[in-house]
Amino acid sequence: MRKLTLFIVSDSVGETADLVAKAAASQFRQGLETVLMKRFSHIEEESQIDEIVYLAQRENAIIVYTLVKSTMCQKLKVECEAKGLQCIDLLGPIINRIGIELGEKPLEEPGLVRQLDEDYYKKIEAIEFAVKYDDGRDPRGILRADIVLVGVSRTSKTPLSQYLAHKRYKVANVPLVPEVDPPEELYMIDPEKCFGLVISPEKLNFIRKERLIALGLKDDANYARVDRIEAEISHFNKVVSKIGCTVIDVTNRAVEETANVILNKLVERNRQ
């Protein structure tokens with residue numbers, strides 16, 4: 001039985017070429033058993049190309065590569081032709097075609113896909129964090145969060161948490177009500193990562209009435225009464241004053257606007 005050796009060459013980790021080569025080999029009955037794959041990662045010097053071609057010639061290997069730098073691709077092609085070796089460019093033709101269609105030159109920066117993948121997983125992790133620690137479900141999340149939001153009910157804490165999570169920030173939010181003592185963790189965190197959300201009593205009264213109606217309830221419940229709302233806001237002011245955090249008036253702000261205020265504050269603090 002013939003054995004075949006594939007050299008997987010990449011200027012990044014080489015996962016893409018490795019997966020493609022395995023997918024191709026799997027199309028043959030004994031492909032994965034008879035095809036040996038050797039991966040050469042982070043190849044960025046022409047001298048490394050020379051060494052790989054030398055080894056490939058000794059083992060009569062086929063070179064499969066994902067090199068994004070045109071100079072490295074050309075170097076490998078020339079060396080393989082000179083030594084009579086087979087080489088397969090997995091990315092070059094696609095990159096060239098896309099470049100022609102878009103009318104621009106490629107960046108030729110290795111590892112960009114991996115960076116995108118890592119960015120994606122960070123976003124998913126932040127979204128899951130926001131769900132897990134929404135509405136004060138578990139105060140332990142307060143100590144682990146990048147941003148902590150506090151406010152009375154219906155001040156857009158949850159949608160704001162999700163919006164910031166999509167920006168890859170881990171956010172915990174905590175509702176404040178006079179009858180329940182705030183979690184001790186609120187007073188243990190850096191106040192600069194905590195933001196209090198306040199809203200005018202009139203606006204909150206309207207929002208809560210609409211909420212009650214949407215639930216099929218009467219709009220004169222204690223939840224929507226102005227005196228109750230004022231009591232909650234008074235309690236909120238005492239708590240945020242003790243924390244020493246920034247307070248943002250969300251009365252006439254969209255979620256995106258409030259998020260921008262928070263993000264700008266964080267950027268300013270990081271510069272100091």
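Is Ile-49 buried or exposed? At 1% relative accessibility, Ile-49 counts as buried. The structure is a predicted model, and this briefing covers the surroundings of Ile-49, the salt bridges, two helices with a buried face, and selected features of backbone and surface.

**Ile-49 and its surroundings**

- Ile-49 belongs to helix H3, which spans residues 46–59.
- Leaving aside residues up to four places away in sequence, Ile-49 touches Ile-43, Leu-67, Met-72, Lys-75, Leu-76 and Glu-79.
- Two of these contacts, Lys-75 and Glu-79, also meet each other through their side chains in a salt bridge (3.3 Å, N to O).
- Ala-259 lies 210 residues from Ile-49 along the chain, and the C-alpha atoms of the two are separated by 49 Å.

**Salt bridges**

- The structure holds 15 salt bridges, among them the three pairs described here.
- Lys-75 and Glu-79 are four residues apart in helix H4 (residues 70–83), and are therefore separated by about one helical turn.
- In general, an α-helix has 3.6 residues a turn, so residues three or four places apart point the same way.
- Both partners count as buried: Lys-75 has a relative accessibility of 18%, and Glu-79 has a relative accessible area of 17%.
- The pair is part of a network of salt bridges that links Asp-50, Lys-75, Glu-79 and Lys-83.
- A salt bridge of 2.6 Å (N to O) joins the side chains of Glu-179 and Arg-228.
- Because Glu-179 lies in the loop between E6 and strand E7 (194–198) and Arg-228 in helix H10 (residues 226–243), this pair ties together parts that are 49 residues apart in sequence.
- The partners differ in accessibility: Glu-179 is exposed at 57%, whereas Arg-228 is buried at 17%.
- Arg-225 and Asp-227 also meet through their side chains in a salt bridge (3.3 Å, N to O).
- Here Arg-225 is partly exposed at 42% relative accessibility, and Asp-227 is likewise partly exposed at 44%.

**Helix H6**

- H6 covers residues 112–132; its 21 residues reach 30 Å from the first C-alpha to the last, close to the 30 Å expected at 1.5 Å a residue.
- Ala-126, Ile-127, Phe-129 and Ala-130 are buried in H6.
- Viewed down the axis of H6, these buried residues fall within an arc of 160°, so they line one face of the helix.
- Val-113, Tyr-121, Glu-128 and Lys-132 are exposed on the other side of H6.
- The cover over the buried residues of H6 includes helix H7 (140–144), helix H8 (157–165) and strand E6 (171–175).

**Helix H10**

- H10 has 18 residues and reaches 26 Å from its first C-alpha to its last, close to the 26 Å expected at 1.5 Å a residue.
- Its buried residues are Arg-228, Ile-229, Glu-232, Ile-233, His-235, Phe-236, Val-239, Val-240 and Ile-243.
- Seen along the axis of H10, the buried residues fall within an arc of 160°, so they line one face of the helix.
- Lys-238, Ser-241 and Lys-242 are exposed on the face of H10 turned away from its buried side.
- Strand E5 (147–151), E7, helix H9 (201–214) and strand E8 (246–249) are included in what covers the buried residues of H10.
- Gly-244, just after H10, takes a positive phi of about 85°.

**Positive phi outside glycine**

- Most residues other than glycine have a negative phi.
- His-42, although not a glycine, has a positive phi of about 55°.
- His-42 is located in the loop between strand E2 (35–40) and H3, and is partly exposed with a relative accessible area of 48%.
- Arg-168, also a residue other than glycine, has a positive phi near 75°.
- Arg-168 sits in the loop between H8 and E6, and counts as partly exposed at 36% relative accessibility.

**Nonpolar surface patch**

- Ile-94, Ile-98 and Leu-102 make a nonpolar surface patch of about 300 Å².
- Within this patch, Ile-98 is found in helix H5 (residues 92–102) and counts as partly exposed at 46% relative accessibility.

Conventions:
Residues numbered from 1 in each chain as written. Predicted model: local features only at pLDDT ≥ 70, side-chain atom pairs only at ≥ 80, totals over all residues. Heavy atoms only, no water. Helix = DSSP H or I, 4+ residues; strand = E, 2+ residues; numbered from the N terminus. Expected span 1.5 Å × (residues − 1). Buried < 20%, exposed > 50% of the residue type's maximum accessible area, 1.4 Å probe, protein only. Arc of directions from axis to C-beta. Contact = heavy atoms within 4.5 Å. Patch = residues over 30% accessible without salt bridge, like charges linked within 9 Å, V, L, I, M, F, W, Y side chains within 5 Å. Areas by Shrake-Rupley, 256 points an atom, 1.4 Å probe, with all protein chains shown as cover. Salt bridge = Lys/Arg side-chain N within 4 Å of Asp/Glu carboxyl O.
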